[in-house]
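Student: Hi! Could you walk me through this structure?
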Amino acid sequence: MRTGELFDLLRDGRPWTRAQLAEATGLARSTITARIDTLMRLGLVAPFGGARSTGGRPPALFALNPTAKLVVGVDIGATHARAALTDLNGSILGEVDTQIAVADGPEAVLSWVVQSVRDLLETSERPVTDLAAIGIGLPGPVEHSTGRPINPPIMPGWDRFDVPAYLQEKYDVPVLVDNDVNIMALGERRGHLRDVDDLVLIKVATGIGAGIVSGGVLQRGAQGTAGDLGHVRVPGADDVPCRCGNSGCLEAVAAGPALAAAVRAQGEQAETGGDVVELVRSGSRVAMGVVRQAGRDIGEVVATMVNLINPSVVVIGGQVAGAGEHLLAGIRESVYHRSLPLATEHLRIVTSRAGGEAAVLGASALAIEHVLSPDVVEAASEALAAADAAAEVAGR
Ligand SMILES: [Zn+2]
């Protein structure tokens with residue numbers, strides 16, 4: 001077992017003794033001691049104070065040192081951007097936001113990110129050397145391995161733009177990029193569902209998409225398009241055209257613009273999904289009926305997902321989730337009707353609790369996962385060992 005994997009045990013935030021670590025890993029006590037020393041020199045692990053044994057000398061306890069390093073999580077939306085500085089537990093230390101159109105292009109938006117990272121560090125009085133990584137969510141398809149958006153429909157000028165390279169000219173740290181729905185799923189989990197290993201977050205806004213966490217791991221699929229629910233065909237909508245060129249897509253009948261159109265067709269005023277949510281809140285029977293039917297249509301597709309991947313929680317997020325129980329009732333109706341009893345026995349279908357914070361929390365979680373991953377910790381400890389060896393040679 002390597003130092004990086006030993007650290008993986010300490011990441012749970014609980015204090016551990018050397019003896020407990022030796023037992024859990026099967027490593028010799030002397031090996032544990034050497035590796036803990038390395039992790040302490042890297043700043044990732046610190047002595048855990050407080051607990052004392054009865055009588056004898058206090059056992060040395062160790063735990064993750066969450067404030068050793070910082071990350072910045074960034075949420076870029078269609079017309080807004082938000083950045084949060086967090087510690088390695090994902091606790092927010094500072095936050096900034098602005099109104100900026102993603103359609104203004106990558107230089108305009110990313111120069112705001114560069115400035116925001118500097119401002120957040122300055123406000124928290126932390127040096128730039130404490131920054132360990134930056135995580136970013138973008139409102140379109142992203143090739144996660146390279147951090148490049150691929151043919152994003154609402155992001156002119158961004159196609160294949162090298163987002164990490166741009167930011168790394170200013171900050172020499174890893175930059176992790178993913179689409180907004182995936183990071184919302186990570187953020188919801190980190191904020192409110194830490195013990196849930198199998199969850200699906202469905203964002204219902206101008207479009208519809210899903211972020212899938214299975215076995216505790218975000219599932220991106222072969223090309224990063226896993227969870228693209230918006231263009232799954234729903235029954236009974238064959239004559240409804242979709243912006244993708246097909247017809248009968250879920251998005252064409254149940255996303256924000258479709259709901260607004262359905263409400264207008266029944267004589268009420270609405271331009272966006274947000275307007276429909278407002279109508280629901282003000283008691284409009286028409287809007288409630290439209291939202292409930294959208295819930296049933298979404299539920300048809302969710303039922304298939306439930307049968308395929310058996311999540312324990314389905315979280316509904318995005319602007320239209322503001323319609324609350326009216327939307328959930330429709331979704332539940334279809335899911336419980338269409339899914340297998342065993343799959344729905346303990347299934348919870350809920351609205352997002354992290355809400356507007358889900359995306360920055362998720363972007364921060366993406367960065368933290370990278371910084372604390374066994375491979376990255378292992379590389380850091382090897383670099384430290386190499387530096388020690390070089391210093392010894394130089395000192396001879
Ligand atoms: Zn479509």
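Tutor: Happy to; we can take the metal site, the rings and an annotated domain in turn.

Student: What should I know about the model before we start?

Tutor: This is a predicted model, where local features need pLDDT of at least 70, side-chain atom pairs count only at pLDDT 80 or more, and totals for chains, interfaces and linings use all residues. Residues are numbered from 1 along each chain as its sequence is written, and side-chain values use heavy atoms, with hydrogens and water left out.

Student: Great. Which residues are the protein donors of the zinc ion?

Tutor: They are His231 through ND1, and Cys242, Cys244 and Cys249 through SG, at 2.0 to 2.3 Å from the zinc ion. Donors here are N, O and S atoms within 2.8 Å of the metal (3.2 Å for Na, K and Ca); water is not among the atoms, so sites may look incomplete.

Student: And what geometry does the site of the zinc ion have?

Tutor: Tetrahedral, with angles of 106 to 119° among the four donor atoms. Four donors earn that word if all angles lie between 85 and 135 degrees.

Student: How are the donor residues spaced in sequence?

Tutor: The pattern is H-x10-C-x1-C-x4-C.

Student: Is His231 buried or exposed, and what about Cys242?

Tutor: His231 counts as partly exposed because its relative accessibility is 30%, while Cys242 counts as buried at 11%. The cut-offs are under 20% relative accessible area for buried, over 50% for exposed, and partly exposed in between (1.4 Å probe, protein chains only).

Student: Switching topic: how many aromatic pairs are there?

Tutor: Two. Rings of Phe, Tyr and Trp (its six-membered ring) pair if their centres lie within 6.5 Å; planes under 30 degrees apart are stacked, over 60 edge-to-face, and the rest tilted. Trp158 and Phe161 are edge-to-face, 6.4 Å centre to centre with 65° between the planes. Phe161 and Tyr166 have ring centres 6.0 Å apart and planes at 50°, so that pair is tilted.

Student: What do the ring pairs add up to?

Tutor: They link Trp158, Phe161 and Tyr166 into a cluster. Trp158 is buried at 0% relative accessible area, Phe161 is buried at 18%, and Tyr166 is partly exposed at 21%.

Student: Last one: which residues does the "domain: HTH iclR-type" annotation cover?

Tutor: In the unreviewed UniProt entry, that annotation covers residues 2-45. UniProt annotations may be inferred rather than shown by experiment. Over residues 2-45 the chain is 66% helix and 7% strand, with the end C-alpha atoms 15 Å apart. Helices (H or I, at least four residues) and strands (E, at least two) are DSSP runs.

Notes:
Tetrahedral: all angles 85-135°; square planar, octahedral: opposite > 155°, others 65-115°.
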